[in-house]
Amino acid sequence: MKNIQTLIEAIKNHQDTRAMVTLLKEAVKENPVELETDFLFDLLTDEDNKIRKNAAVIVRCCGLMDHEKEFIELFLKEENWIVKNEMIEAIKNFSLKDHLLMLQEFYEGLNVSLDDPNWRHKEEMKGRLMEIFHYYGSIKHPQFIDLAKKTKVILTTLNTNRELVFDKLETKNKKMTSMGILLLADSIRDLEKIRDYNELLLVLKGFKEIDFNIDVIAKQIVDSGLVEQLNQMHKGDGIYSFRIETSSLKKDKLKNDEIKRLGLKIQTLSEGKLINNASDYDIELRLRETPKGFCQVFLKLYTYHDPRFEYRKNALATSMQPYVAASIADLILPFVTPKAKVIDLCCGSGTLLIERDYIEPCKFLMGIDVFNDAIKMAKENSELAGVNIHFVQRDLNRFTHAHQFDEVMANLPIQSANKDRKSIETLYMQFMKKAIELTVPEGFIFAHTSDTEIFKKAMRFYKDQIELIDEKKMTIRRGQSALFIIQVK
């Protein structure tokens, strides 16, 4: 506080004001304090743009109690758009219920064209204002209804489950692609019974494969009739916040600044119907590179709530994604026993056991895990799923059970910062020993792991007691793993 007070005095005495205000900004970022209102307004009305910009940051950190209206009025009068955008960040922290009308009138007057020298700053302002309107409910997020007419969609799948998902789809208008299944769908709701697809992506109407030129991409997205398509699927104000997803692209394909400019150009060309916002969005525009190097764009709806895995309220950082668990359950279906007794020796948050019961109801389900937090999560998840599972916190080596099981399963831990190769080798040997002990003759062990070579070494040690029926090689988010289907002799 002493250092802050010294800086304030220096500023009041006009001692290298710009530099002192910069230092004050950095100081209050670390230690926000209440500052004199008159002092702040003197900085906010200084003729130096840099001082006003930093003063806005100071207000964002320290607040401006009971003077929000005066600050907003200054914001509306501010002519420098860089300063203005910094001021709106401070305004977002205010209580704005009584001031929304002023901001909405300002928003409605923001007419932007690509030849405007302040084009980028104005479009960024629209995104920040939309966050405020969404927060206070003056403009609501659109509400998804369903597809209005037959629409091309892609269900992304694991490589191992593509044919299984394909066979479940009742439509004849379908084909397998490198991403999953492309089909003509009447309703998204009809697809909810299929548990082993990952994402549902919509194909933009009339969008052709094009070069990675942001001007061309932006125009083609808007010209595809995206807004009309969204309006047919939703009810609401007809304004959609979006983000651009490029994680699958090579790093040099589009630079961060190009991605940002692409988003703002889409916003301008759509006349404000599509608002670029990476943190508060309704839809995602996913860019993908074709094998020939062209750009494809798909639409993901965050307005659509996927109910398939609603039970999964809790998860560990290492927990298996529920669609992966559902995919594994589908792969082992030919080998499961009706009304089986099943145990998961590394149950985590319980997802794999729940999905196992969904494909074929079990007589008895048990999960063990060494971590108490995992057991607590698993209990809550299984209750929400309506699946009766007995959970026990126990180390694998210390676990015993009076009866054997028809199936033993596990999503095994892998090498990490906390588990080196030697500890994983030891764990896999312990798992195989315990799994064989707990499995009835001719029963099955289903084990999933990314450390496949270490697991194969453990299997070789017990080769006289088991038979490897199948090894399903899986690609999950570019990572390689395998599901081992093992029968106990």
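Two strands count as paired here if DSSP finds at least two bridges between them. With that in hand, the predicted model shows an open sheet of seven strands, running in the order β13-β12-β11-β14-β15-β17-β16, with mixed pairing. The edge places go to β13 (390–393) and β16 (466–476); each has a single partner strand, so one side of each is left without a neighbour in the sheet. Direction ignored, neighbouring strands of this sheet are turned against each other by 15 degrees on average.

Within this sheet, β11 (residues 341–344) and β14 (residues 405–411) run parallel and are joined by three bridges. On that seam, V342 sits opposite E407 of β14. Two helices pack on the sheet. Helix α14 (residues 351–359) touches β11, β12 (364–369), β13 and β14, and its direction makes about 135 degrees with that of β14. Helix α16 (residues 421–438) also packs on the sheet, where it touches β11, β14, β15 (439–449), β16 and β17 (479–488); here the angle, taken against the direction of β15, is about 150 degrees.

Stepping back to the whole chain, the secondary structure adds up to 17 helices and 17 strands. The C-alpha trace spans about 85 × 60 × 40 Å along its principal axes. Of the 489 residues, 53% count as buried. Among contacts with a separation of 6 or more, 70% come from residues 24 or more positions apart.

Strand β2 (residues 151–156) is another part of the chain worth a look. This strand is mostly covered, with five of its six residues buried. One pairing of β2 is with β4 (residues 180–185), antiparallel and held by six bridges. β2 also pairs with β5 (residues 200–203), again in the antiparallel sense, over three bridges. V153 turns up in both pairings: this residue stands opposite L183 in β4 and opposite L202 in β5. In general, strands of a sheet pair through backbone hydrogen bonds, either parallel or antiparallel.

L202 shows up again in the surroundings of L299, a residue of strand β10 (residues 295–301). With a relative accessible area of 0%, L299 is buried. Leaving aside neighbours within four places in sequence, L299 is in contact with L200, L201, L202, L204, L226, L230, I283, E284 and L285. I244 lies 55 residues away from L299 along the chain, and the C-alpha atoms of the two are separated by 9.8 Å.

L226 and L230 from that contact list fall within the span of helix α11 (residues 226–233), which also holds E228. E228 is partly exposed, at a relative accessible area of 47%. Between E228 and K208 there are 18 Å from C-alpha to C-alpha, for 20 residues of sequence.

Near the start of the numbering, helices α3 (residues 37–44) and α4 (residues 49–62) pack at an angle of about 145 degrees, their axes 8 Å apart. From α3 the contact draws on L40, L43 and L44, while α4 brings in I51, R52, A55, A56, I58 and V59. Sorted by class, the contact has eight nonpolar residues, one charged residue and no polar ones.

A buried lysine is found in helix α12 (residues 256–269), namely K265. The relative accessible area of K265 is 16%, so this lysine falls under the 20% cut-off for buried. The side chain of K265 makes a polar contact with the side chain of D215, at 2.2 Å. Not counting residues up to four places away in sequence, K265 touches L114, W119, D215 and A218.

That leaves the cysteines. A disulfide needs two cysteine sulfur atoms within 2.5 Å, and by this rule the count is zero. For C61, the closest cysteine sulfur is that of C62, 5.9 Å away, which is too far for a bond. C61 is partly exposed, with a relative accessible area of 24%. For C362, the closest cysteine sulfur belongs to C347 and is 14 Å away, again too far for a bond. C362 is buried, with a relative accessible area of 16%.

Methods: Residues are numbered from 1 along each chain as its sequence is written. This is a predicted model: local features need pLDDT of at least 70, side-chain atom pairs count only at pLDDT 80 or more; totals for chains, interfaces and linings use all residues. Side-chain values use heavy atoms; hydrogens and water are left out. Buried means under 20% relative accessible area, exposed over 50%, partly exposed in between (1.4 Å probe, protein chains only). Helices (H or I, at least four residues) and strands (E, at least two) are DSSP runs, numbered from the N terminus. A polar contact is a pair of N or O atoms within 3.5 Å; within protein, one must be able to donate a hydrogen and the other to accept it, and residues adjacent in sequence count only if both atoms are side-chain atoms. Contact means heavy atoms within 4.5 Å. Axes are lines fitted to C-alpha atoms, for helices over the stretch in contact, and angles run from 0 to 180 degrees between N-to-C directions. Ala, Val, Leu, Ile, Met, Phe, Trp, Tyr, Cys and Pro count as nonpolar, Asp, Glu, Lys and Arg as charged, and the others, Gly among them, as polar.
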